[in-house]
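Colleague: I would like a close look at one part of this model. Please take it residue by residue, then set it in its surroundings.

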Amino acid sequence: YPVELLGGQGGEPFFSRAVGPLIGGAIVVAGASVFPRRAGPRLAAALARLADDLRDLLTRLTAGADQAELRTDVIDFRLHRAEAEATLDEAWAEPGRHGLDPRIGQKVLQELNIVGLYVADLLDGLSQPHPVLVEATMAGLSDVAGQLRTVSPTGELTAPANSISPPPGPP
């Protein structure tokens, strides 16, 4: 095998197994430095989309939508949550910070997950929607989604990240 790797049969295996991947890797690194893919700016948009999904799901749920529509909304929410989590992971791994700070993104995602648990309880019938609580939650989701869409280039979020959590119970 070492003779074959070093090109004992005309040099082809050495190029295809050692030199080819090095050249390919250099091309990828050069492309990434010329066209960087920044996760920070995409993080705010992904979290805003997730907040919108939760608000839409809560709106349909309280309006009495049928189970098929709700299932579609739940699938959309899960897909967008996975995208937001992946974008957050990419933002943590980026050298230098661009767009939304991953620490803020992590806090917002945690709060959106709390709201998601509240909505899941409503979907499963474990909790009854209280009109004041639902209105406050939807208003908070709209507010946070709007502010995430206007994140400054330095990544500053103007709303506190915990402004969207529903209270623990009806007032």
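Is Asp-52 buried or exposed? Please go on from there to the helix that holds Asp-52, and to the core and the pocket.

Modeller: A caution to begin with: this is a predicted model. Asp-52 is buried, because its relative accessible area is 13%, and the cut-off for buried is under 20%. The residue sits in helix H3. Its side chain makes a polar contact of 2.9 Å with the side chain of Arg-55. Further off in sequence, beyond four places, Asp-52 touches Ala-145 and Arg-149.

Now move along the helix. Leu-61 is also part of H3. Its relative accessible area is 19%, so Leu-61 counts as buried, given the limit of under 20%. Leaving out residues up to four places away in sequence, Leu-61 touches Leu-70, Val-119, Leu-122 and Leu-123. Take the pair Leu-61 and Leu-123. They are 62 residues apart along the chain, yet 7.3 Å separates their C-alpha atoms.

Next, the core. In soluble globular proteins, nonpolar side chains tend to be buried together. The largest nonpolar core here has 35 residues. Those touching the most other members are Leu-47, Leu-54, Leu-100, Leu-112, Val-119 and Leu-148. Four helices each give two or more residues to this core: H3 (40–63), H4 (67–93), H5 (102–123) and H6 (131–148). H3 supplies the largest share, eleven residues.

Leu-47 shows how such a member is surrounded. Setting aside neighbours within four places in sequence, its contacts are Ala-84, Leu-100, Gly-105, Val-108, Leu-109, Leu-112 and Leu-148. Of the residues that touch the most other core members, Leu-100, Leu-112 and Leu-148 are on that list. Val-119, one of the residues that touch the most other members, is a contact of Leu-61.

Last, the pocket. Rolling a probe the size of a water molecule over the atoms shows where empty space is left. The largest pocket has a volume of about 310 Å³. Its lining takes two or more residues from each of H3, H4 and H5. H4 gives the most, with seven residues. In all, 16 residues line the pocket. Nine are nonpolar, three polar and four charged. Nearest the centre lie Val-74, Arg-78, Gly-116, Ala-120 and Leu-123. Leu-123 brings us back to H3, through its contact with Leu-61.

How values were computed. Residues are numbered from 1 along each chain as its sequence is written. This is a predicted model: local features need pLDDT of at least 70, side-chain atom pairs count only at pLDDT 80 or more; totals for chains, interfaces and linings use all residues. Side-chain values use heavy atoms; hydrogens and water are left out. A nonpolar core is a set of buried Ala, Val, Leu, Ile, Met, Phe, Trp, Tyr and Cys residues joined through side-chain atoms within 4.5 Å. Buried means under 20% relative accessible area, exposed over 50%, partly exposed in between (1.4 Å probe, protein chains only). Contact means heavy atoms within 4.5 Å. On a 1 Å grid over the protein atoms alone, a cavity is a set of points where a 1.4 Å probe fits but cannot get out, and a pocket is an open set with protein on both sides within 12 Å along at least five of seven lines; lining residues have an atom within 4 Å of a point. Grid points are joined across faces, edges and corners, and a volume is the space filled by probe spheres set on the points. Ala, Val, Leu, Ile, Met, Phe, Trp, Tyr, Cys and Pro count as nonpolar, Asp, Glu, Lys and Arg as charged, and the others, Gly among them, as polar. A polar contact is a pair of N or O atoms within 3.5 Å; within protein, one must be able to donate a hydrogen and the other to accept it, and residues adjacent in sequence count only if both atoms are side-chain atoms.
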